[in-house]
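Me: I'm new to this one and would like to learn how to read it. Could you walk me through it feature by feature?

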Amino acid sequence: RNACTGCTNATTTDATTTLDGSIQTDGGLSVAKDVVVGDDIFLKSDASAIHWGTNSEVKLFHAHDSGLRVQMDATAKPAFSLFSEGHHGEGPFLNFDLDNSTGEADNDIIGSINWFARDDQNNQTRFCRIRAVSEDVGNGSGASEDGSIFFTTMVNGSETDLMSINEGMDSRVVVKSDLQVADDLILSSDSAAVSFGADGEITLTHTDDVGLTLSSSAGHPTL
């Protein structure tokens, strides 16, 4: 082991394990002042954590082969904030970036936001989800580069897509269940139409400065 009185005589050897490097200790390490690190920090055990605060009430845990988890004491709610100071005209970003090298494919899930809780049997359950999908990754002649977003909730024990944006590259917002509107419903384009039926065979169409027209692709409509 290197002598470490002041550690000014330590070598410049890089550390790759807990047994090498210019300074090693078989026990814990306490530092009363700031720590400045000129390169990487390695936490070499699964479930390792970084603790913040005098009472260590905020913790960032490593979840093996999964990711990171922010956790707080039971008396507080964990929060992760992105803060930008100054006159930028635009706030912080949260980016999801999928890079499959040459393996990109249509309908890849680019990223998801998931909400988990426990059911009354203490089973971890995903109750809600928002996922982004690359519907078409083509970039060239005849390609369109389209994306879509799906909103999913648990309904009667099954994950169900209740709303989508640009699903099937049709530039529409699709609500897949009942839609309740607490105030006015405004269709702000001339020739706007409301379609009825699984095949959309009945339509109620606006005609500018004239009124509404009820029509049917299956024959004579009735009102």
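Me: Let's take Q71. Which strand does Q71 lie in?
Reply: Q71 belongs to strand β3. Keep in mind that this is a predicted model. As a general idea, side chains in a regular strand alternate between the two faces of the sheet.

Me: Okay. Is Q71 buried, partly exposed or exposed?
Reply: For that you compare its relative accessible area with two cut-offs: under 20% is buried, over 50% is exposed, and partly exposed is in between. Q71 has a relative accessible area of 32%, so Q71 is partly exposed.

Me: And which residues is Q71 in contact with, leaving aside neighbours within four places in sequence?
Reply: The contacts of Q71 are E57, V58, K59 and F61. You can also look at a pair by distance: Q71 and H51 are 20 residues apart in sequence, and their C-alpha atoms are 9.7 Å apart in space.

Me: Let me try another residue. What about S134: buried or exposed?
Reply: Same cut-offs as before: under 20% counts as buried. S134 has 10% relative accessibility, so S134 is buried. You'll find S134 in strand β5, residues 124-136. Not counting residues up to four places away in sequence, S134 touches A105, D106, N107, D108, I110 and D146.

Me: Which sheet has β5 in its order?
Reply: To read a sheet, follow the order of its strands. Here five strands form an open sheet, β4-β5-β6-β7-β8, and the pairing is antiparallel. At its edges are β4 and β8 (173-175), each pairing on one side only. Neighbouring strands in this sheet are turned by 25° against each other on average, direction ignored.

Me: How many bridges join β5 to β6?
Reply: Eight bridges join β5 to strand β6 (residues 146-155), and the two run antiparallel. For one example, find I130, whose bridge partner in β6 is F151.

Me: What is the order of the strands in the open sheet of three?
Reply: That order is β9-β10-β11, with antiparallel pairing. β9 (193-196) and β11 (211-216) are the edge strands with a single partner each, so one side of each has no neighbour in the sheet. On average, neighbouring strands here are turned by 15° against each other, direction ignored.

Me: How is β9 joined to β10?
Reply: Four bridges link β9 to strand β10 (residues 202-207), and these strands run antiparallel. Look for S195, which stands opposite T203 in β10. The hairpin of β9 and β10 has five residues between the strands, and in this hairpin G197 takes a positive phi near 95°.

Me: Now the empty space. How much of it lies in the largest pocket?
Reply: The idea is to roll a probe the size of a water molecule over the atoms, which shows where empty space is left. In this model the largest pocket holds about 1,400 Å³ of space. Its lining has 32 residues, and A15, I23, L29, D40 and F42 lie nearest its centre. By class, that lining has 12 nonpolar, 15 polar and five charged residues.

Me: And what is the volume of the second largest pocket?
Reply: The second largest pocket has about 680 Å³. It is lined by 16 residues, with L68, R69, V70, F80 and N114 closest to its centre. The elements giving two or more residues to this lining are β2 (58-63), β3 (67-72) and β4 (108-118). Its lining divides into 11 nonpolar residues, four polar and one charged.

Definitions and conventions: Residues numbered from 1 in each chain as written. Predicted model: local features only at pLDDT ≥ 70, side-chain atom pairs only at ≥ 80, totals over all residues. Heavy atoms only, no water. 1 Å grid on protein atoms, 1.4 Å probe; cavity = no way out; pocket = protein on both sides within 12 Å on 5 of 7 lines; lining within 4 Å. Points joined across faces, edges and corners; volume = space filled by probe spheres on them. Nonpolar A, V, L, I, M, F, W, Y, C, P; charged D, E, K, R; others polar. Pairing = 2+ DSSP bridges. Axes fitted to C-alpha atoms, helices over the stretch in contact; angles between N-to-C directions. Buried < 20%, exposed > 50% of the residue type's maximum accessible area, 1.4 Å probe, protein only. Contact = heavy atoms within 4.5 Å.
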